[in-house]
Structure formats: structure tokens, C-alpha cells
Amino acid sequence: AQKEFEAAVSVDNEQLPMARWRLAEAHIRAGNGQPALELLVPLEEKFPEQYEVIAGIGFANYVQGEFARAAEYLARAMQIRPADTTLLNALGESFLKIGDTDKAKEALERSLAMEPDQKVTKDLLASIGTQE
């Protein structure tokens, strides 16, 4: 699928923006934030309310270890569409990495409210209490 998206991105067609954010998602899932950012950042101006673009920039920054920017974009994505546990967990960890334990707790608790059987998220939330 990634090869098909790469081909779609390399030619000029009306599906280009969607192909770019889907290719970016494939890069993010593979842990490659920089190529995802190169695909998504140019789309932000034209698609400032497109969840896939804004959340994608957030997740790409997250995998790059740029947690302040990740938190900014992931929080923006939540204003576009209700968050799922993946977004809430990345947001919570990003807040934790930048030292905002209150917002980290809030995001992680929301994630656990949606899906209580997340051991990693429970452990991360428990670790916040030991850091304070």
C-alpha cells in the first residue's frame, strides 16, 4: 500500500492530498517521523481543519521526540474530532515528557475511561504519582 501512495504522491492528481496524508500515516506507523512531516507540513495551510493532517503532524513530532510540538498538534486534533485512545496516550506521554503532569494525567485517565484494559497506560499513569 505504501508503494501505491508513493506513486500517487509522485504524480499530479486530485487525490494528492489524501495520498500524502495516508503515506505520512504509513511512515508514522513505521516510526519514521521526518518523512511524514515533509509530507504533512506543506498541507497544513490549505487543510488547517483536516484531522489527518493535524493529528499526523502531532504523531510525527511524537515519534521524533518533539513532545512540545506533538502536544500542541495532538490537542488541536482533539478539537477537530473526538480523540481515540492512541491519540490520548500519545498526548498524555507528550505532556509528561514536557513536565505538565496535570494534563498528562487528564489525557491518560480519559484514555483508560474509554478502554480500561491498557496495561502500559495504567503503568504510565501510576508512574506519574511517583514523579511528583
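Let me start with Lys122, which is partly exposed, with a relative accessible area of 41%, and which sits in helix H8, residues 119–131. I should say at once that what we are looking at is a predicted model, and that every value I quote is computed from it. If we set aside residues up to four places away in sequence, Lys122 touches Leu112 and Pro116. Its C-alpha also lies 8.0 Å from that of Leu108, although the two residues are 14 apart in sequence.

From there it is a short step along the chain to Ala107, which belongs to helix H7, residues 101–114. Is Ala107 buried or exposed? Ala107 counts as buried because its relative accessible area is 4%, and the cut-off for that class is under 20%. Apart from residues up to four places away in sequence, Ala107 touches Leu88, Leu91 and Gly92. Looking towards the other end of the sequence, Ala107 and Leu125 are separated by 18 residues along the chain and by 9.6 Å between their C-alpha atoms.

Let me now step back to the chain as a whole. There are 8 helices and 0 strands, so that, by the way these elements are assigned, the pattern along the sequence reads α-α-α-α-α-α-α-α. Of the 132 residues, 42% are buried. Among contacts with a separation of 6 or more, 43% come from residues that are 24 or more positions apart. The accessible surface of the chain comes to about 7600 Å², and 50% of that belongs to carbon and sulfur atoms.

The helix I would like to spend most time on is H4, which covers residues 51–64. Its 14 residues should span 20 Å at 1.5 Å a residue, and the end C-alpha atoms are 19 Å apart, which agrees with that expectation. H4 is mostly covered, in that 10 of its 14 residues are buried; these are Tyr51, Val53, Ile54, Ala55, Gly56, Ile57, Gly58, Phe59, Ala60 and Asn61. What do the buried residues of H4 pack against? They pack against H2, H3, H6 and helix H5, residues 67–80.

One contact partner of H4 deserves a separate word, and that is Glu44, which is placed in helix H3. Glu44 is a charged residue by class, and it counts as buried because its relative accessible area is 17%, under the 20% cut-off. Leaving aside neighbours within four places in sequence, Glu44 is in contact with Val53, Ile54, Ile57, Tyr73 and Arg76.

Immediately after H4 comes Gly65, with a positive phi near 85°. Glu66 is in the loop between H4 and H5, and at 44% relative accessibility it counts as partly exposed. Although Glu66 and Lys97 are 31 residues apart in sequence, their C-alpha atoms are 9.4 Å apart in space.

Helix H2 can be described along similar lines. It has 14 residues and reaches 20 Å from its first C-alpha to its last, close to the 20 Å expected at 1.5 Å a residue. The buried residues in H2 are Pro17, Ala19, Arg20, Trp21, Leu23, Ala24, His27 and Ile28. Just after H2, Gly31 takes a positive phi of about 85°. Gly31 lies in the loop that leads from H2 to helix H3, residues 33–44, and with 43% relative accessibility it counts as partly exposed. The C-alpha atoms of Gly31 and Val63 are separated by 6.1 Å, while the residues themselves are 32 apart along the chain.

That brings me, finally, to the largest pocket, which holds about 410 Å³ of space. Which elements give two or more residues to its lining? They are helix H2 (16–29), helix H4 (51–64) and helix H6 (85–97), and of the elements it is H4 that gives the most, with 7 residues. There are 18 lining residues in total, and those nearest the centre of the pocket are Glu25, Ile28, Arg29, Phe59 and Thr86. Two of these residues have already come up today, since Ile28 is among the buried residues of H2 and Phe59 is among the buried residues of H4. By class, the lining is made up of 10 nonpolar, 6 charged and 2 polar residues.

Key
Residues numbered from 1 in each chain as written. Predicted model: local features only at pLDDT ≥ 70, side-chain atom pairs only at ≥ 80, totals over all residues. Heavy atoms only, no water. 1 Å grid on protein atoms, 1.4 Å probe; cavity = no way out; pocket = protein on both sides within 12 Å on 5 of 7 lines; lining within 4 Å. Points joined across faces, edges and corners; volume = space filled by probe spheres on them. Helix = DSSP H or I, 4+ residues; strand = E, 2+ residues; numbered from the N terminus. Expected span 1.5 Å × (residues − 1). Buried < 20%, exposed > 50% of the residue type's maximum accessible area, 1.4 Å probe, protein only. Contact = heavy atoms within 4.5 Å. Areas by Shrake-Rupley, 256 points an atom, 1.4 Å probe, with all protein chains shown as cover.
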